[in-house]
Amino acid sequence: MKLTIDGKTVSAREGETILDCALRHDISIPHLCTHSALPPFGACRLCLVEIEGMRGYPTSCTTPAEDGMVVRTDTEALGGLRRNILSLIMLEHPSACLVCAKRELCDQYRPEAEKAGRTTGCHTCNNKEICDVRVMAEEFGLSELPVPPIYHERPVERSNPFIDRDLNLCILCGRCVRICRHHQEMTAIDFIGRGSKTRIGEAFGRSPYEAGCQFCGACVDVCPTGSLCDRYAKWRGRPERRTATTCLFCNAACALELQSSGGELIGAKAVDETTPICVLGRFAIPEFLYGAGRLRVPVVRADGSLRETQWKEAIEAAAEKLRPYVGSGFALVCDTTSTLQDRYIFRKFAREVMRSENFVEIEPDARGASRVELPPGTKAALLTGDFVDAGQLEPLELLIVQDCYPTPASEHADIVLPVALFPEVDGTLMDVSGRERPLRKACEPPGQARPEWWIVAEIAKAMGAEGFAYDSVATISREVGKSTAELLTERDEAPPAATDVKRRRAYFRGHRIDEKVPGLRELPLDDAPASARRVGVEAESAGGFRIVQKREVAPNIHEIVIEAPGIAKKAQPGQFVIVMVDETSERAPYTLSDWDAEEGTITLVVLEVGHSSRKLTVLREGDRVAHLAGPLGIPAEVDRLGTVVVAGGCYGIGAIIPIARAMREAGNRVIGIVEARSHYLHYFGQKLEAICDELIQTAIDGSMPTKGHAADVIGEKLRAGEKVDRVVVIGCPFMMMLVARETQPFRVKTLAALNSIMLDGTGMCGACRVSVGGKTKFACVDGPFFDAHLIDWDELFTRRRAYAAHEVRAVGRTESVALHACEAHGAGAAR
Amino acid sequence: MSSLREAYRKAQAEWQKIENSEVPLFLVGAATCGRAAGSGEVLEALRSELDARSVEARVIEVGCLGLCSFEPTVVVRKDSAATVCYGNVGPDRIVGILENFVMGDDPCAEWALGKMSPGELDGIGDFYDHPMLRRQVRNVLQNCGLIDPENPYHYLAREGYRGLLRALELGPDRVLEEVKASGLRGRGGAGFPTWQKWEACRNAPGEPKYLICNADEGDPGAFMNRSLIEGDPHAVLEGMLIAAFTLGASQGYIYCRAEYPLALHRLEVAIGQMRDLGLLGQDIEGSGFSFDLTIKKGAGAFVCGEETALIASIEGLRGMPRPRPPYPAVSGLRGKPTVIQNVETLGNLPLILRRGPEWFSQYGSESSKGTKTFALAGKINRTGLIEVTMGITLKDIVYDVGGGIPGGKALKAVQTGGPSGGCIPAEKMDMPVDYESLREAGSMMGSGGMIVLDEDTCAVDMAKYFLSFTQEESCGKCAPCRVGTRAMLSILERIAAGEGEMADLDRLGEMARTVKDASLCGLGQTAPNPVLTTLRYFRKEYEEHIEKRQCGAFVCNRLLRYNIDADRCSGCGACVRACPVDAISGERKKAHVIDQETCVQCGACLTACPDIYAAVYRRSGELVRYEERREKAEKAI
Ligand SMILES: Cc1cc2nc3c(=O)[nH]c(=O)nc-3n(C[C@H](O)[C@H](O)[C@H](O)COP(=O)(O)O)c2cc1C
Ligand code: SF4
Ligand code: SF4
Ligand code: SF4
Ligand code: FES
């Protein structure tokens, strides 16, 4: 079959669509709803083409190629249509960053996404670094929207223990619905509603589990936007490394792509997108690797108590203590989750070094449990997991445990040795059908943990044995005569747990997996009834400070009024307070947006960006925050200067209010200039209007009468010769830097509030260190206001990025706990 | 086998009872529309009165004659020499008719629409000469209102199923030829030649083949299909048999919206009767042709009228269209060749087979043969369900059939094709009503909605109205339709609010073309038509909204300013009490004023101001409008 595409003659396969045929011949046609693992759908309409003899513009993803067809993919008409279609799609997507005129500069200063509750633009989107939509918008040269975009104002849904769903981003490509139907044969999720109210969700308001979700995560993997994401990996950005390996949670041996950054595992997904994998492979691995209590350091018992030590000492101690049992009463117990190479070494060690026949290998049962009784007469044992009942361990004379987490056995042991787990090692394993599958190292083991074979070989060498001088898994494989095993990248049938989450394994080497992976506890197991254990955090103390009022004034931006008479009495414009939501919370600084000395209340405008701010914003009226300290910081200097511009962005729109008011009261003409990415992110318009002599609200995406950044407006005014005597700006560093750049040539003194870079607000953490005029200052004690022309912005951004990465890692670990806390409070709107 | 022949014999007898009824006969229009107009009470009053007077009579509930503005209608046959159709019959009138006409000599000419019997009758004109009927050609609707739709013998007596018998005799190939020769095109919207779909389906590999009757009728204000099913269900079902036989389809579905309970009931009853008569099941009439039928209830989503969405819905999936090709005729229901045909298309088939393709094609224009039913509504004197030959001009429909515009107002435009169509301005009333002309004018035939608009209609408002419908009914699958309709609506809303700019008109046009060209299914592809046609024919109005902030029709609220004429105002304070936002002030007995800043343009003051003063007037841009009430009130005094 031959056809012509853009003048090029190409051959098509039977049943192939025009799109597939074109892509195969390196002719690119934009497409969004089509996905290689899915049947065509024809919803996004971007892949339109012209075909001679056919009316209109058929979609290439659904039209089968036919002999003799003449197809055009790049006419002017098509280009115009496609751009219009994309701009329509972008009307239902937080697209301000895509049409922002300062996009390049922004990417240069902050290439990674910043965390936020709901995503309101690429800048706060977890998908930013890997987004096809973004690339497409750039290719199309999208630079404006025909009408103001619509923000759906949907709460981020977190009812799925592993997946966050932010439908404010959804473009309804239907990939998730289709992969679900394909993988699970029923749809846990579907399109709901009609017209512009159409959305993705579980029918009849059911929970994901009730609706049939098996937590295979395929929907997350096919979603082209940041709408669906793996909660753990959410803010990790683009992984530095991807490694194809095999999952070892069970012997189905699914091929996994493990993703890591900085040697740390961040996520996993199926290699074969046409067959689902189970919840353990898709979601449980990082949390299982980095759960609390993971063994990291060798430990030796001395004088009755366990003591951390170095490998050398631990190995020598083990060799020493084992020597008496050579040829008498030694047993080594492992299970088949150790690699073939590990087990080869175990056996060789037991037989040749310890001269014992008691090498016990357990095949875990369907639940993954591996329990055995020790061979009679065992006096000394080496265990690689929690396999033996405590009663049997009591009488032992010597117990050595090499494991990943503490167990009753390790509590009891004489020596405990930390092992590396399967994503951290190379090796070979045997799948359920007896085929060998490869394990490839995808990340670094934590602390001093080492591969199992290495540990035992070291002990053997220390005992003076010959033939244990291996330097890698490869050398063992060579000795065993293993050929290279292949990944199981295509399978006819999904593993049982992938289509029935109840049938997943519950144990790994005797450890309950769900102890380390809290999300799993919400999902029932075959033999155990669903125990939706929720770690509720009740607002326990009646002490602290009461929240009098709370509302979300714009997506992610919350106005919170707190009873704090002491602070309200002393507060001055520009000052901030430090909040600790509960005893264990981080200390977080927030600018005072208003206060009422008579009522004894203060008002904060809180931008929901991270862990601490989320904890604060999920609270409700009547709830209390544990600690509140303030007012802190040096108040803004307020004088009669003439004309003062107060500029704000994000939370700064609220935070500039006291300064604007004070400036006005001091007799200045106050021009308020507030910016937001889009119209729906503006708030406090009326309040500002009442305070300012002139108010300009701008939208970066052109959805308000004034388009662009606050900096653009200020620059324009200055260039037009307007006299401005002072500029005070509060917003994100990028926004403040842009303002500084505009005012500098005109030598208009500009004060920037560096609140947003503080972490603990006490001068202790050093996160807010800035260079101002060549001197090091701390924003929290010397600020928050600094001369914006003297701030070393480049250094500030570099420092910020380092801290952001650090924070993201911290959030990843605490996320699940936070989720439970939010749900216990019924705070559906929490991010 | 012989059962049908026997049934015909029985049918003659049954029909005799109607034609030559020894007792008085009452045919009460009791379809959905008649019932809504009160035919239930009429029936009740009639029955109890007959009882009370011990008058023996035959009362039959029939379908609709299509005379909506005269509902309820009752046809009364005293004897074969005196049959009269009455309009606007309430319980009192029916008693009057019984007393004066049936039991006396006075045919109540003042209530009569016309006589249906030959001969003179007290100056009552012929029913078919009634101005509303004179220009109509009632072919498809020939039985509606005249037979008992739940009595199969009535249908049989009027040549029912003779078309099927002829088809069985001719064989599929020749039936296809006849349908081709007739020039029949689909009545459901697009006007696709029926024979072409059939041929594609016949040639497509795959068994079984399916036939679906599309009775989803989702256009707001359209009820042609409902009427036909309620008044003459067997006509549609016979059409289905003919089509199925030609296609070789063994299974048929009728997809009917659940909001049509009476139609669904009539279909169920009729299907039961077909089974009794051996017209469904194995080896129908010894022809070897087997066929069965299932009714599927639709949930009333407009998009489910679209063929592929309808198929998805029958398959139990969400009613979402899918791209074509493959066309349903090749791969439709469950992936098998499927023909979907509108109710009215099917209703034409028995006639074509019975009377021949030449008879059919004598009606209509060059490209559009036969007749077409329309639901005539809006600002017109005589609303109703009409059937006219294709090619008739819009003017003839509006002025002859519909009797012109009420209140001496001027005609502004006619909207055909419902929300998928466009409006055709008054200057184009000489345009013939056929598929091509309508499409050229930017509209479409659609399934038969026809809304007449007078000078009080605002073009912007009208586009807004239709677009808000399609916007809500969009299935949400494809971006141009889902987002584009909403974006266009938001532009229209801002123009109607006086917040538009001239560049909006280009944006609107550009967006409309994108939605038209890029949408997946007919809903989206046609949704911009109301916008495109109003922009084309009434651009000046759009410009006035934007530049002068003026709505010439005084419809767009936000462009209206309410004022009080100080010379007329008596200071009675009625408006002050009516205003919900306290925008009106003034001392008692002195002229009042409306504070424009506070006013929300609700119009309460306008209504509240007593007729004798009628002091409240409206402004829009440069225009000022006083109500006529005062003049009327003065005249009354
Ligand atoms: C959104 C949409 C709604 C439709 N609704 C109906 C309907 O209610 N009834 C109908 O007969 N055809 C409807 N159609 C047209 C049908 O898709 C189809 O053209 C028709 O059933 C074909 O039958 P015909 O050839 O007999 O006209 C609709 C089309 C679209 C795009
Ligand atoms: S999905 Fe996220 S990164 Fe991609 S375009 Fe949307 S907001 Fe930007
Ligand atoms: S959630 Fe993602 S995959 Fe699903 S429809 Fe929306 S954008 Fe597409
Ligand atoms: S055009 Fe509209 S109704 Fe049709 S598929 Fe697209 S969204 Fe659905
Ligand atoms: S890729 Fe073809 S319509 Fe989306």
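User: Let's start with one cysteine. In which loop of chain A does C404(A) lie?
Analyst: Good place to begin, and keep in mind that this is a predicted model. Look along chain A for the elements on either side of C404(A): the loop that holds this residue runs between β17 (398-403) and α13 (408-412).

User: Is C404(A) buried or exposed?
Analyst: The cut-off to use here is that buried means under 20% relative accessible area. C404(A) has a relative accessible area of 0%, so this residue is buried.

User: Which residues is C404(A) in contact with, leaving aside its neighbours within four places in sequence?
Analyst: It helps to see how the chain comes back on itself here: C404(A) and L289(A) are 115 residues apart in sequence, with 8.7 Å between their C-alpha atoms. Leaving out the neighbours within four places, the contacts of C404(A) are G293(A), R294(A), L295(A), V419(A), L421(A) and H511(A).

User: Now to chain B. Why do the buried residues of α9(B) line one face of the helix?
Analyst: The buried residues of this helix, which spans 194-203, are T194(B), W195(B), K197(B), W198(B) and C201(B). As a general point, an α-helix has 3.6 residues a turn, so residues three or four places apart point the same way. Viewed down the axis of α9(B), the buried residues line one face because they fall within an arc of 160°.

User: What covers the buried residues of α9(B)?
Analyst: Several elements of chain B do this, helices and strands among them. The cover of α9(B) includes α8 (172-182), β6 (209-215), α11 (233-247), α13 (307-314), β9 (338-342) and α14 (343-355).

User: How many of the ten residues of helix α23 of chain A are buried?
Analyst: You can list them: A710(A), A711(A), V713(A), I714(A), G715(A), K717(A) and L718(A) are the buried residues of α23(A). Their cover includes β30 (643-649), β31 (669-676) and α24 (733-743) of chain A. The helix is therefore largely enclosed by the rest of the structure, and the buried count is seven of the ten.

User: Which residue with a positive phi follows α23(A)?
Analyst: Step past the end of the helix and look at the backbone angle. With a phi near 90°, the residue is G721(A).

User: In chain B, how many of the nine residues of helix α22 are buried?
Analyst: The buried residues in α22(B) are N529(B), P530(B), V531(B), T533(B), T534(B), L535(B) and Y537(B). This helix covers residues 529-537 and is largely enclosed by the rest of the structure, because its buried residues number seven of the nine.

User: How much area do chain A and chain B bury between them?
Analyst: Contacts first: 32 residues of chain A touch 32 residues of chain B. Of the area buried between the chains, 59% is on carbon and sulfur atoms, and the total is about 2,600 Å².

User: Which three residues supply 23% of the area that chain A buries against chain B?
Analyst: No other three residues supply more of the area chain A buries against chain B. The trio is R45(A), L88(A) and R194(A).

User: Which residue of chain A forms a salt bridge with R482(B)?
Analyst: Side chains of opposite charge can pair when their charged atoms come close. Across the interface of chain A and chain B there are three salt bridges by the rule used. In the pair formed by R482(B), the closest N and O atoms are 2.8 Å apart, and the partner is E92(A).

User: How many residues apart are D230(A) and R282(A)?
Analyst: Their side chains meet in a salt bridge, at 3.2 Å from N to O. The pair links distant parts of the chain, with D230(A) in strand β8 and R282(A) in helix α9 of chain A, and the separation is 52 residues. Both ends are buried: D230(A) has a relative accessible area of 10%, and the value for R282(A) is 4%.User: What is the relative accessible area of E559(A)?
Analyst: E559(A) meets R551(A) in a salt bridge of 2.7 Å, N to O. The two residues also belong to a network of salt bridges with D594(A), R661(A) and K687(A). R551(A) is partly exposed at 44%, whereas E559(A) is buried at 7%.

User: Finally, which residues are the closest to ligand 2?
Analyst: The shell around ligand 2 divides into seven nonpolar, five polar and two charged residues. Out of the 14 residues that surround ligand 2, the closest are H93(A), C122(A), C125(A), C131(A) and G226(A).

Methods:
Residues are numbered from 1 along each chain as its sequence is written. Chains are lettered from A and ligands numbered from 1 in the order in which they are written. This is a predicted model: local features need pLDDT of at least 70, side-chain atom pairs count only at pLDDT 80 or more; totals for chains, interfaces and linings use all residues. Side-chain values use heavy atoms; hydrogens and water are left out. Buried means under 20% relative accessible area, exposed over 50%, partly exposed in between (1.4 Å probe, protein chains only). Helices (H or I, at least four residues) and strands (E, at least two) are DSSP runs, numbered from the N terminus. The arc is that of the directions from the helix axis to the C-beta atoms. Contact means heavy atoms within 4.5 Å. Buried area is the accessible area (1.4 Å probe) that two parts lose on being put together, summed over both. A salt bridge is a side-chain nitrogen of Lys or Arg within 4 Å of a carboxyl oxygen of Asp or Glu. A residue is near a molecule or strand if one of its heavy atoms lies within 4 Å of it. Ala, Val, Leu, Ile, Met, Phe, Trp, Tyr, Cys and Pro count as nonpolar, Asp, Glu, Lys and Arg as charged, and the others, Gly among them, as polar.
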